[in-house]
Amino acid sequence: MSPPQGEMNQCVVLRQKNDIVLENRPIPQLAHGEVLINVKATGICGSDIHYWLHGGIGDFQLKAPMVLGHESAGIVAEVGPGVKNLKVGDRVALEPGVACRMCEQCKTGRYNLCPEMSFAATPPIDGTLCNYYKHAADFCFKLPDHVSLEEAALIEPLSVGIHSARRANIKSGDRVFIFGAGPVGLLCAAAAKAAGAGHVTIADLVPSRLEFAKNYCTDSQILLQRSQSGEPNMEFSRRMAKEILKTEELADAVIDCTGAETCVQMSVLLSKNGGSVVLVGMGGSVQSLPISEISSREVDIKGIFRYCNTYATGVKMLASGSIDVKPLITHTYQLQDAVEAFKHVKEGRDGAIKVQIVA
Amino acid sequence: MTFDVEKNLSAALIGLEKIDMRNMPVPELGPFDVLVNVKVTGICGSDVHFFKHNRILHLEVTEPLVLGHESAGVVVAIGSQVTRVNVNDRVAIEPGVTCRTCEMCKSGQYNLCPHCKFAATPPTHGTLCNYYVHPEDFIFKLPDDISLEEGALVEPLSVGMYAVERANVKPGDVVLVLGAGPVGLLTCAAAKAAGAAQVIIADLIPSRLEFAKTYATDTQLLLDRPEKGEPNFEYARRTSTQIIQKLGQQADTVLDCTGAETCVQMAVLLTKSGGSAVLVGLGATTQTLPVVDITVRQVNVKGVFRYCNVSPVSIVRAYPRAISMLTKGNIDVKPLITHTYPIEKSQEALLHATNGSDGAIKIQVINDQ
């Protein structure tokens, strides 16, 4: 099968902080084990916005122009040598992080922790916001006909939810509390429900987000207040947790999707004895925690970093309908309007939850 | 650095109990490959089985096949992108190369990879040779104080450690191992290292139990053979009752390292309620089990296939963890090496392993080329 000749490969490139342009780049050549994907749907993630506005996240700093985007699905346009699991025309979800497959982390099944990980749109690896993207075939997952490419693009943030629910060890009947009702928090709620959670509570500062959450995988919603001027975080957290416990019970698992120190502190306080707190949100790198609760009540704190071994599960969940991600897709843009799309996500207007760029 | 390999003397299986020492081609060194001058290779029961029968289950030896998979050696060349070892490093070889891309590989259960290429499992040639090419992510450097002979025992030790992992042996546990061959003995050593308070071993052969008395076991049980015409399950029940009387209790876990139906049945009968009976030995494909113990007493039956990862605190690969168990005397494998043969006498080595004479436990083939 010959590669698309003379076709455009429009890419959304972050040249430097605050500077996104559309560029036409060559269609990539395939190496052994790779496929060429005609990308059809890409969701915009908070990290894409963060790179746009700040030029970096933690240790990952933009040193050269980079294509953005990593939540994608598309159609196989070309199959490289040695590829046996896919053929041209297959509709696939793209797992954006290609691990080395050889190190101890990879061999023990925790390839999300691979030190040689190449993750789309984490510098210096180009992302998927383009027409043609080349990718390792074993990180592409074939979709059943009835699962749309738009839904499949959401398997990426859904994977964060699946991985978090696994790390929290959520089982049937469990009570789960989630901080943050953005797309990640909502998909953690969906994953918790899929794992059999009996009651899911979600908390956020923004009333409209809770309005949405009322109809999406949650049983109760908590409107958080901001801390009072000058109030130390730990005091606020204790005060707020006490307030929450007037209407809520302690949870088997608490998942924080905000990264805010107060929410992390409250996560511990709202956990049952022997419960688990899973830290999904990434905020300040050093934070104060109520250690006395962690020890004396044996509340375990577990971080998560992306996900591993979730894509096949995500495909099965979407195929069976045990999770429905369609309600989260609120706005779509064409590739040429990418800058508008990014602005929309940044402003969060019109009840935006997941904004996608489609082709 | 290019390395011209002129001779690769290899022990090729060419018929029933027939080894031909011949020069085999050395595959090209890929960018992530390591060329190992194999120095020591232990003989395994599977090598013996292929030697005797030219097949195991559906795996037939139809073309000459180099045997051996329990090896250690010295690195003589490395591919252009190899970072894990250097030339002259002494290394142990983890013999099964997996595809690295399937669901099993990605989730850490790479021993279950359907595309695994395992040394001396047809059609993949084994390591009873001079020069062996192997990818670097299945090669492990040996510490200076571990000999190549010990390095060649890392393979069966990994089986023992993974079996103990599957059995979920916890500190203080009472562990029963059926079968006092090398795998049974190394399973005992691994159980001790995992904190088992009492390790009991059982076998039909008195001399094996004599040895076991000196190696990683607290109690040794001599099993008698079934009476003429005695159905397996009757033997298993009768013998289990006797053992429970003798020990005063069942075991927290029983690991069967024989594959014999009677022992598999005993493994279930002798496991405490809620425990696991772990099947390490590979015997007949279909066997009769006391299902009532599995259901009513919740005795789990778990298979073991080679090894992959173990989880002491986090989760680590079994092979390098087995290597680290050899240092500081945590586990001493040297007593298991009872006989050695030069590679030119591979046929004799395999015949000896087949008849097990002279108290043979682990027979190793030494290559001084």
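In chain B of this predicted model, B:Pro123 sits in the loop that runs between strand E10 (117-118) and strand E11 (131-135). The peptide bond leading into this residue, from B:Pro122 to B:Pro123, is cis, with omega near 10 degrees. A cis peptide bond is also found in chain A, where A:Pro123 is joined to A:Pro124 with an omega of about 5 degrees, and A:Pro124 is placed in the loop between strand E10 (118-119) and strand E11 (132-136) of that chain.

Another backbone feature of chain A concerns A:Arg306, which has a positive phi of about 55 degrees although this residue is not a glycine. A:Arg306 belongs to the loop between strand E18 (300-303) and H10 of chain A, and that helix leads on to the packing of helices within the chain.

Helix H10 (residues 311-320) of chain A packs with helix H4 (residues 155-167) of chain A at an angle of about 105 degrees, their axes lying 9 Å apart. Angles of 65 to 115 degrees count as roughly perpendicular, and H4(A) and H10(A) are therefore roughly perpendicular to each other. From H4(A) the contact draws on A:Ile155, A:Glu156, A:Leu158, A:Ser159, A:Ile162 and A:Arg166, while H10(A) contributes A:Tyr311, A:Thr313, A:Gly314, A:Val315, A:Met317 and A:Leu318. By class, the residues of this contact comprise seven nonpolar, three polar and two charged.

Chain B offers a helix pair of its own, in which helix H1 (residues 45-53) and helix H11 (residues 346-355) pack at an angle of about 100 degrees, with 9 Å between their axes. This angle makes H1(B) roughly perpendicular to H11(B). The residues in contact are B:Asp47, B:Val48, B:Phe51 and B:Lys52 on the side of H1(B), and B:Gln347, B:Leu350, B:Leu351, B:Ala353 and B:Thr354 on the side of H11(B); by class, five are nonpolar, two polar and two charged.

There remains the interface between the chains. The size of an interface is often given as the accessible area lost when the parts come together. Chain A and chain B bury about 1300 Å² between them, with 59% of this area on carbon and sulfur atoms. On the side of chain A, the residues that lose the most area to chain B are A:Met102, A:Lys107 and A:Thr108, which together make up 49% of what that side buries. In terms of contacts, 13 residues of chain A meet 17 residues of chain B.

How many salt bridges are there between chain A and chain B? The count is two, and a salt bridge is formed where the side chains of B:Lys106 and A:Asp138 meet, at 3.2 Å from N to O. Across the same interface of chain A and chain B, seven residue pairs are in polar contact, with both residues at pLDDT 80 or more. The side of chain A that touches chain B is made up, by class, of five nonpolar, three polar and five charged residues.

Key:
Residues are numbered from 1 along each chain as its sequence is written. Chains are lettered from A and ligands numbered from 1 in the order in which they are written. This is a predicted model: local features need pLDDT of at least 70, side-chain atom pairs count only at pLDDT 80 or more; totals for chains, interfaces and linings use all residues. Side-chain values use heavy atoms; hydrogens and water are left out. Axes are lines fitted to C-alpha atoms, for helices over the stretch in contact, and angles run from 0 to 180 degrees between N-to-C directions. Helices (H or I, at least four residues) and strands (E, at least two) are DSSP runs, numbered from the N terminus. Angles under 35 degrees count as roughly parallel, over 145 as roughly antiparallel, 65 to 115 as roughly perpendicular and the rest as oblique. Contact means heavy atoms within 4.5 Å. Ala, Val, Leu, Ile, Met, Phe, Trp, Tyr, Cys and Pro count as nonpolar, Asp, Glu, Lys and Arg as charged, and the others, Gly among them, as polar. Buried area is the accessible area (1.4 Å probe) that two parts lose on being put together, summed over both. A salt bridge is a side-chain nitrogen of Lys or Arg within 4 Å of a carboxyl oxygen of Asp or Glu. A polar contact is a pair of N or O atoms within 3.5 Å; within protein, one must be able to donate a hydrogen and the other to accept it, and residues adjacent in sequence count only if both atoms are side-chain atoms.
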